[in-house]
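Here are a few short exercises to work through with the model open in your viewer. Try each task before you read its solution.

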Amino acid sequence: MGEYSFFVWPSYGAVVIILVVIGIQSWLSKRKDEKELEILSRKIEELSDQE
């Protein structure tokens, strides 16, 4: 790579870091959404039981 290696390798590193951050954010968001779905499902069950 010669003189371009000072640009290429940090770019690869930045991409890996960005992908890891996006992956973690996505995983945390999924967990939060699953908890909210569980709460809403319980509320729907409670409302349907009252009728």
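**Exercise 1. A lysine on the helix**

Is Lys-43 buried, partly exposed or exposed?

*Solution.* Keep in mind that you're looking at a predicted model.
- Start by placing the residue: Lys-43 sits in helix α1.
- Next, take its relative accessible area, which is 48%.
- Exposed would need over 50% and buried under 20%, so Lys-43 comes out as partly exposed.
- To get a feel for distance, go back to Tyr-4, 39 residues away along the chain: the two C-alpha atoms are 59 Å apart.

**Exercise 2. The overall form**

Work out whether the protein chain is a compact globule or more spread out than one.

*Solution.*
- Count the secondary structure elements: the protein chain has one helix and zero strands.
- Compare the radius of gyration with the globule rule. The rule gives 10 Å for 51 residues, while the chain has 22 Å, well over that value, so the chain is more spread out than a compact globule.
- Look at the box along the principal axes: the C-alpha atoms fill roughly 75 × 10 × 5 Å.
- Check for buried residues: 0% of the 51 residues count as such.
- Finish with the surface. The accessible area of the protein chain is about 5,000 Å², and carbon and sulfur atoms account for 66% of it.

**Exercise 3. Salt bridges**

How many salt bridges does the structure hold, and how are the partners spaced in the helix?

*Solution.*
- Recall the general idea: oppositely charged side chains can pair when their charged atoms come close.
- The total here is two salt bridges.
- One of them joins Lys-30 and Glu-34, with an N to O distance of 3.0 Å. These residues are four apart in helix α1, which spans residues 5–50, so about one helical turn separates them.
- Now check their exposure: Glu-34 is partly exposed at 43%, and Lys-30 is partly exposed too, at 48%.
- The other joins Glu-38 and Arg-42 at 3.5 Å, N to O. Again the partners are four residues apart in helix α1, so about one helical turn lies between them.
- Their relative accessible areas are 41% for Glu-38 and 47% for Arg-42, so Glu-38 is partly exposed and Arg-42 is partly exposed.

**Exercise 4. Two rings**

Is the pair formed by Trp-9 and Tyr-12 stacked, tilted or edge-to-face?

*Solution.*
- The structure holds one aromatic pair. The ring centres of Trp-9 and Tyr-12 are 5.4 Å apart and the planes make an angle of 65 degrees, so the pair is edge-to-face.
- The cut-off behind that step is over 60 degrees for edge-to-face.
- Along the sequence, Trp-9 and Tyr-12 are three residues apart in helix α1, about one turn.
- Trp-9 itself has 52% relative accessibility, so Trp-9 counts as exposed.

**Exercise 5. A patch and a glycine**

Find which residues make the nonpolar surface patch of about 480 Å², then describe where Gly-23 lies.

*Solution.*
- The patch is made by Val-16, Val-20, Ile-24, Trp-27 and Leu-28.
- One of these, Val-16, lies in helix α1.
- Gly-23 has its place in helix α1 as well, and at 36% relative accessibility Gly-23 is partly exposed.
- For scale, the C-alpha atoms of Gly-23 and Gln-50 are 41 Å apart, with their positions 27 residues apart along the chain.

Key. Residues are numbered from 1 along each chain as its sequence is written. This is a predicted model: local features need pLDDT of at least 70, side-chain atom pairs count only at pLDDT 80 or more; totals for chains, interfaces and linings use all residues. Side-chain values use heavy atoms; hydrogens and water are left out. A salt bridge is a side-chain nitrogen of Lys or Arg within 4 Å of a carboxyl oxygen of Asp or Glu. Helices (H or I, at least four residues) and strands (E, at least two) are DSSP runs, numbered from the N terminus. Buried means under 20% relative accessible area, exposed over 50%, partly exposed in between (1.4 Å probe, protein chains only). Rings of Phe, Tyr and Trp (its six-membered ring) pair if their centres lie within 6.5 Å; planes under 30 degrees apart count as stacked, over 60 as edge-to-face and the rest as tilted. Patches are made of residues with over 30% relative accessible area and no salt bridge: like charges are joined within 9 Å, nonpolar side chains (Val, Leu, Ile, Met, Phe, Trp, Tyr) within 5 Å. Accessible areas come from the Shrake-Rupley method with a 1.4 Å probe; for residues, only the protein chains shown count as cover. The radius of gyration is taken over C-alpha atoms; the globule rule is 2.2 Å times the number of residues to the power 0.38.
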